[in-house]
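Open the model in your viewer and keep the sequence panel beside it. The tour goes from one selection to the next.

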Amino acid sequence: MWLIKLKNNIYNFSIDELKSYFLNIDEKTFRAEQIWNWLYVKGISNLKEINNISNNLLRKIICKYEIPKLKVKKYLHSKDGTKKWLLSLGDGKEIETVYIPEKNRGTVCVSSQVGCTLSCSFCHTGTMKYLRNLAMSEIIGQIIFVKNELDDWRKNSDERKVTNIVFMGMGEPFYNYDNVLKSISVLTNEKGLAFSKRKITLSTSGVVPKILNFKEDSDVNLAVSLHAAFDDVRNDLVPINKKWPIKILLNALKDYSVRRRNKRITFEYIMLDGVNDSLVDAKELIKLIKPFRAKINLIPFNPWPGSKYKVSSSKKINEFKKYILEKGQIVATVRTPRGNDVLAACGQLNSI
Ligand code: SAH
Ligand code: SF4
């Protein structure tokens with residue numbers, strides 16, 4: 001009988017885990033730092049490119065580890081410069097990753113799950129079957145992939161095309177908590193990709209126990225998909241609200257803001273015509289958000305085939321924004337839809 005020894009995807013390992021590997025084979029731990037530099041500063045796509053390690057040791061490393069690639073199934077390019085890739089994972093399952101270029105920055109919107117267990121009624125991903133959590137290598141792999149596509153390695157920080165990361169692709173990042181947090185520590189490792197913590201944002205639909213963990217475990221930015229100021233409306237839009245209603249969610253966020261005083265929470269609020277866009281909603285929203293150091297990001301609804309909602313008119317959105325700014329003295333911005341001609345905007349991702 002043949003025994004096939006599978007190699008390990010090297011992007012699944014933290015620098016400390018790589019150090020332990022070298023210690024176990026009686027090598028010095030600085031070897032892990034050398035590898036780290038090749039992977040995350042030089043951006044090699046084959047371990048054979050490493051040229052500052054003896055052939056003997058490199059052979060051992062190559063026997064144990066490999067650099068698998070995410071394969072492109074489909075690529076779409078929006079007229080506004082947004083790029084969207086449908087990527088195939090090692091087991092054939094598929095996810096979407098989006099790159100959004102802006103004047104002084106470029107953002108990668110990463111997926112954290114294949115599908116999503118939560119069925120928010122306005123979200124295309126929510127109509128997909130949940131298949132599984134992504135491994136750390138598949139989360140990190142999306143950023144590596146985009147950097148490869150954009151030729152974004154060995155660049156000074158002011159020349160880089162990928163500067164920001166948002167966990168706003170497919171899935172609920174807090175339901176893949178360990179892999180998402182481990183990925184964030186790789187992304188922010190100063191000897192590697194070195195993303196600033198201020199440039200990484202995680203968006204949650206409101207998984208209360210994980211918000212409480214997150215306040216201790218991480219200081220990247222937090223965005224919360226509030227979307228409604230009244231429980232009956234939010235129950236319909238974000239069904240997880242039946243488990244953790246607005247009051248409980250806001251209590252958890254109060255704990256979060258006590259622990260992370262320097263952080264400003266972003267409340268995401270989708271604009272759905274006739275559902276949550278009246279000035280009564282805006283008034284209640286101000287009441288809820290006022291105690292926080294927060295900003296409100298109004299997201300015009302992005303339609304997808306079969307969706308039952310309509311986006312609020314620009315006039316309504318501007319009135320809503322003005323009311324929040326003037327009556328509530330709360331910063332409110334409107335998120336410009338990006339890539340919506342290729343279904344790459346918020347909530348349009350779906351790999352079926
Ligand atoms: N699951 C996480 C993160 C992914 S969704 C969450 O729900 O927060 C990222 C953002 O896009 C969320 O605020 C989400 O509510 C919003 N969104 C989902 N579908 C949308 C749509 N069709 N139009 C506009 N925004 C949408
Ligand atoms: Fe999942 Fe977020 Fe979409 Fe809700 S909005 S279904 S939590 S991806």
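Start with strand 1 (8–9) and helix 4 (136–149): each gives at least two residues to the lining of the second largest pocket. Helices (H or I, at least four residues) and strands (E, at least two) are DSSP runs, numbered from the N terminus. Helix 4 provides the largest share of this lining, 7 residues.

This is a predicted model, where local features need pLDDT of at least 70, side-chain atom pairs count only at pLDDT 80 or more, and totals for chains, interfaces and linings use all residues. Residues are numbered from 1 along each chain as its sequence is written, chains are lettered from A and ligands numbered from 1 in the order in which they are written, and side-chain values use heavy atoms, with hydrogens and water left out.

Next, select Asn9, Pro68, Lys69, Leu70 and Ser137, which are the closest to the centre of the second largest pocket among its 25 lining residues.

Now move to helix 1 (residues 15–24) and pick Ile15, Leu18, Tyr21 and Phe22, its buried residues (under 20% relative accessible area, 1.4 Å probe, protein chains only). They sit on the same side of helix 1, because they cover an arc of only 115 degrees around the axis, taken from the directions from the helix axis to the C-beta atoms. On the face turned away from that side, select the exposed residues (over 50%) Asp16, Leu23 and Asn24.

Step on to Asp26, just after helix 1: its phi is positive, about 60 degrees.

Finish at ligand 2. Around it (a heavy atom within 4 Å) are Cys116, Leu118, Cys120, Cys123, Gly126, Gly171 and Ser205.

Terms used. On a 1 Å grid over the protein atoms alone, a cavity is a set of points where a 1.4 Å probe fits but cannot get out, and a pocket is an open set with protein on both sides within 12 Å along at least five of seven lines; lining residues have an atom within 4 Å of a point.
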